[in-house]
Amino acid sequence: VTGAGGGVQSFVLQFAVAAGAEVYVTTGSGEEIMRCEQLGAMAGVNYHDANWRSKLQEKLGKDTLFNIIVDNVGGETFSECLDLLQPGGVLVTYGATTGAVKELDLGKIFWKQARVQGSLPGTDREFTEMLRFVGQHKIVPVVGSVRPFSEVQAALEEQGSGKPHTMGKLVLTFSQ
């Protein structure tokens, strides 16, 4: 799970752990890695480290690759995720936080017989099934901060600044 400090990705982490997966993460700080491990991740690496990919490979096992990667980062990370994907593996993507993929070696996809799967919210039936799964496994979203709606501009600027932030979702409250 790339960018596991984010709200959606921390939820993806919890879903995968509840489904029985061994989950490894990338995130932006040692504190977030520890929090992800508390949520069930096997291990994690800091994506600010230029050698994050090789460090993640070391933690997984030298000759082992991932069968599923969930990426919301895009950009250069997307191609690196393909490098870490085992033959026949699936790379699920639902975002491009760092921008478009500028260079893509299609050979990485067809030689590995990899599948790239886009993801959207799903149908009403799938949403109902998800809620059932969440309840059954007692999955609780990670909330990073709660701010009044009057601070929405500052909250969004902070979130988009690239500065370290609190792990999880930003929740805005409305006064009554």
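This passage walks through the largest pocket, one helix, the aromatic pairs and a few backbone angles of a predicted model.

The pocket is a handy place to start. The largest one comes out at about 1,300 Å³, and 39 residues line it. Closest to its centre sit V12, F15, V70, V92 and S119. As for where the wall comes from, at least two lining residues each are supplied by α1 (7-18), β1 (24-27), α3 (52-60), β3 (66-71), α4 (75-84) and α6, the last of these spanning 124-137. The largest share belongs to α1, which puts in six residues. Chemically, the lining breaks down into 28 nonpolar residues, seven polar ones and four charged ones.

One of the helices that feed this lining, α3, has a clear inside. Its buried residues are W52, L56, Q57 and L60. Looking down the axis of α3, these buried residues stay within an arc of 135 degrees, so they line one face of the helix. The general reason is familiar: an α-helix has 3.6 residues a turn, so residues three or four places apart point the same way. As for what that side meets, the buried residues of α3 pack against β1, β2 (43-46), β3 and α4. Right after the helix ends, G61 takes a positive phi of about 130 degrees.

Next come the aromatics. Searching the whole structure turns up five aromatic pairs. In one of them, F110 and W111, the ring centres are 5.4 Å apart and the planes meet at 45 degrees; planes under 30 degrees apart would count as stacked and over 60 as edge-to-face, so this pair is tilted. Both partners come out as exposed: F110 has a relative accessible area of 52%, and W111 has 69%. The cut-off for calling a residue exposed is over 50%.

F149 and F174 make a stacked pair, with 4.8 Å from centre to centre and 25 degrees between the planes. This one links distant parts of the chain, as its two members are 25 residues apart. F149 belongs to the loop between β6 (143-148) and α7 (152-159), while F174 is in the segment after β7 (169-173). The solvent picture is split here: F149 is partly exposed at a relative accessible area of 40%, whereas F174, at 58%, counts as exposed. Elsewhere, F11, F15 and F133 come together as one aromatic cluster. F15 has already appeared above, among the residues closest to the centre of the largest pocket.

Finally, the backbone has a couple of spots worth a look. Q113 has a phi near 50 degrees, a positive value in a residue other than glycine. Q113 lies in the loop between α5 (106-112) and β5 (115-118), and its relative accessibility of 64% puts it in the exposed class. K138 also has a positive phi, about 55 degrees, although K138 is not a glycine. The loop between α6 and β6 holds K138, which is exposed too, at 68% relative accessibility.

How values were computed
Residues numbered from 1 in each chain as written. Predicted model: local features only at pLDDT ≥ 70, side-chain atom pairs only at ≥ 80, totals over all residues. Heavy atoms only, no water. Phe/Tyr/Trp six-rings, centres within 6.5 Å; stacked < 30°, edge-to-face > 60°. Buried < 20%, exposed > 50% of the residue type's maximum accessible area, 1.4 Å probe, protein only. Helix = DSSP H or I, 4+ residues; strand = E, 2+ residues; numbered from the N terminus. 1 Å grid on protein atoms, 1.4 Å probe; cavity = no way out; pocket = protein on both sides within 12 Å on 5 of 7 lines; lining within 4 Å. Points joined across faces, edges and corners; volume = space filled by probe spheres on them. Nonpolar A, V, L, I, M, F, W, Y, C, P; charged D, E, K, R; others polar. Arc of directions from axis to C-beta. Contact = heavy atoms within 4.5 Å.
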